[in-house]
Amino acid sequence: MCGIVGYVGHRSALDVVIGGLRRLEYRGYDSAGVAVLDGDGGLAVERKAGRLGNLEQQLDAVGRDAFAGSAGMGHTRWATHGPPVDRNSHPHRDTSGKVAVVHNGIIENFATLRAELEAAGIELASDTDTETAAHLIALEYAEGPTAGDFPASVRAVCRRLEGAFTLVVAHADHPDVIVAARRSSPLVVGVGEGEYFVASDVAAFIEHTREAVELGQDQVVEISRDGYRVTDFAGEPAEGKPFTVNWDLSAAEKGGHDYFMLKEIDEQPEALANTLRGHFSGGRIVLDEQRLTDQDLRDVDKVFVVACGTAYHSGLVAKYAIEHWCRLPVEVELASEFRYRDPVLDRDTLVVAISQSGETADTLEAVRHAREQKARVLAICNTNGAQIPRESDAVLYTHAGPEIGVAATKTFLAQIAANYLVGLALAQARGTKYPDEVAREFAELEAAPAAVRKVLGTVDQVREIGRRFAQSKAVLFLGRHVGYPVALEGALKLKELAYMHAEGFAAGELKHGPIALIEQDLPVVVVMPSPKGRGVLHAKLVSNISEIQARGARTIVIAEEGDEAVRPFADELIEIPAMPTLLQPLVATVPLQVLAAEIARQRGFDIDKPRNLAKSVTVE
Ligand code: AGP
């Protein structure tokens with residue numbers, strides 16, 4: 001949600017900013033804008049609803065010469081306050097036009113601030129919360145206690161703002177400086193040679209530098225050609241956390257694929273292998289920034305998994321593994337529901353918060369609630385230094401690399417792998433598994449990347465099936481045991497990419513209602529358990545399939561290689577390699593990702609940027 005780029009250096013700010021915004025497109029947006037300081041007291045601003053292309057056309061129409069300067073900023077907006085129209089797009093300016101602001105997050109006390117500005121005779125030109133910040137900074141700069149001090153004016157206004165926000169501010173009287181501030185929303189500084197960047201995500205400046213500084217909570221940074229300076233909101237010197245980005249430009253490009261999502265599906269074996277790497281050493285499972293001791297893990301008497309969307313589905317898989325391996329009760333909860341129902345938490349509760357972005361507001365609030373109740377929180381995250389791991393007691397990073405496609409694919413598989421690591425770490429600490437059993441489970445996990453590679457070798461058949469069913473009105477997905485979360489994930493992928501009605505069900509629930517949906521030629525995808533490991537469930541699912549086939553549905557069956565018993569009931573059969581029962585989601589999910597992507601492509605949709613969706617959802 002909302003992408004932000006700021007730049008001061010020796011290149012064309014417009015080029016750097018537009019290039020950065022392109023790399024942030026994956027976050028999701030519905031309008032875009034830029035502001036460039038011309039060095040002579042001028043501040044040129046342009047903004048446009050719709051895709052970046054619309055903004056670029058507008059820039060061509062007005063003439064790019066007006067944007068010749070080497071300090072500036074840009075923004076992609078995901079509408080919260082006011083519809084996605086030109087006047088609500090960022091940057092927003094004060095009445096004089098000297099101050100420009102771009103913003104990510106929500107200023108929660110904006111109604112009060114707006115009323116205050118209106119009472120002072122200021123007419124606001126947009127419906128946004130952001131515009132209030134532009135006027136307040138201008139007023140502070142003109143007549144506040146630190147009048148004439150640009151960074152101090154920004155700090156003074158930040159102290160008044162409530163909510164989560166990243167602000168980037170330009171002032172026409174200070175053409176060589178950009179000031180940025182953060183509270184809870186993401187902001188990183190890029191450190192180049194004689195050039196500095198601020199952005200929501202390192203992807204925005206990765207083609208210029210891999211050296212970055214992560215800003216802390218309630219910090220302000222000023223960038224100029226000479227360097228950067230960090231303070232807290234009170235103006236006291238502060239320090240960010242320097243880091244070097246461990247991936248390069250090629251990871252953020254399509255690498256010959258038509259879409260990022262297709263590249264990311266292909267990258268899943270590496271994402272899995274990288275997530276597992278280094279986590280078994282000296283005969284033990286080792287987690288990353290594990291600030292929880294073995295005693296802490298032994299004290300746990302209940303586990304909650306909190307997450308949203310795809311991450312939630314990975315949590316559902318975790319429940320089966322942790323309960324089975326550790327004999328611990330596990331509840332999996334949508335993060336958006338968690339804190340509003342007063343869950344029973346105490347210091348012996350372990351809350352596992354799963355989020356690829358580490359920015360999801362619902363999950364972040366669930367983490368905060370859990371910590372207030374004294375529960376211990378372990379984050380599983382794909383983004384180094386994001387807010388959720390920062391606020392958790394411990395973190396286990398998935399190393400899937402950057403995921404640009406809005407639909408989660410490789411991060412889902414990596415999250416499942418990380419969940420298994422948590423389960424094994426708990427089992428190891430609590431002694432519910434002997435060391436040789438833990439070692440065996442880990443070895444099975446290590447074999448998963450090769451199995452996923454094998455599935456990827458068969459995607460042509462899945463694409464063909466996708467083409468045949470692309471014009472269906474709806475698709476149902478069924479599974480049992482760990483196949484149930486896989487069914488939910490398959491349905492979610494199809495909804496978000498192909499805008500089709502898709503529902504996932506526990507196959508046993510079919511007869512309790514959903515069977516009424518079955519009609520002639522309705523495609524029903526069934527995730528079959530192994531005929532070996534869970535023989536009873538296999539037989540039950542075969543009965544379920546025959547019931548739906550008898551009612552005219554078309555069955556698309558994902559089944560283990562050599563599963564002859566299911567063949568007569570499959571109108572389409574997609575074979576996957578045999579896996580230990582709990583690990584089957586790692587291979588069974590892949591064809592469903594491919595199926596959804598192909599159906600969406602057949603229907604003419606952009607699978608990297610599904611409508612209305614954002615990659616990181618930073619509002620509740
Ligand atoms: C997945 O395809 C979706 N885009 C969405 O459900 C996502 O998984 C959810 O918003 C959670 O995001 P997070 O992992 O960044 O917290």
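**Note on a predicted model: Ser472, strand β22 and the N-terminal sheet**

1. The side chain of Ser472 comes to 2.9 Å from the backbone oxygen of Phe469. This contact, like everything else described here, is read from a predicted model. Ser472 itself is placed in the loop that joins α16 (459-469) to β22.

2. Is Ser472 buried or exposed? With a relative accessible area of 16%, Ser472 counts as buried, because buried is taken to mean under 20%. Leaving aside residues up to four places away in sequence, Ser472 touches Met500, Pro523 and Arg603.

3. After this loop a reader may turn to strand β22, which spans residues 474-479. Six of the six residues of β22 are buried, so the strand is largely enclosed by the rest of the structure. The burial applies to both faces, with Ala474, Leu476 and Leu478 covered on one side, and Val475, Phe477 and Gly479 covered on the other.

4. Which strands pair with β22? One of them is β23 (residues 501-506), which runs parallel to β22 and is joined to it over six bridges, with Ala474 standing opposite His501 of β23. Between β22 and β23 the chain passes through helix α17 (residues 483-498), and the resulting β-α-β crossover is right-handed. Strand β24 (residues 523-527) also pairs with β22 in the parallel sense, here over four bridges, and in this pairing Leu476 has Val524 of β24 as its bridge partner.

5. A separate region to examine is residues 2-226, to which an unreviewed UniProt entry assigns the annotation "domain: Glutamine amidotransferase type-2". Over residues 2-226 the chain is 25% helix and 32% strand, while the C-alpha atoms at the two ends lie 28 Å apart.

6. Another sheet in the model is open and is formed by six strands, in the order β5-β6-β7-β8-β12-β13, with antiparallel pairing. Its edges are β5 (92-93) and β13 (227-232), and because each has a single partner strand, one side of each is left without a neighbour in the sheet.

7. Within this sheet, strand β7 (residues 163-171) and strand β8 (residues 178-183) are paired in the antiparallel sense over five bridges, and Val169 has Val179 of β8 as its bridge partner. Helix α4 (residues 130-143) lies across β5, β6 (99-107) and β7, and its direction makes an angle of about 130 degrees with β6.

Methods. Residues numbered from 1 in each chain as written. Predicted model: local features only at pLDDT ≥ 70, side-chain atom pairs only at ≥ 80, totals over all residues. Heavy atoms only, no water. Buried < 20%, exposed > 50% of the residue type's maximum accessible area, 1.4 Å probe, protein only. Pairing = 2+ DSSP bridges. Right-handed = clockwise from strand over helix to strand, strands pointing away. UniProt positions renumbered as here; feature names shortened; annotations may be inferred. Contact = heavy atoms within 4.5 Å. Axes fitted to C-alpha atoms, helices over the stretch in contact; angles between N-to-C directions. Polar contact = N/O pair within 3.5 Å; in protein donor to acceptor, adjacent residues only side chain to side chain.
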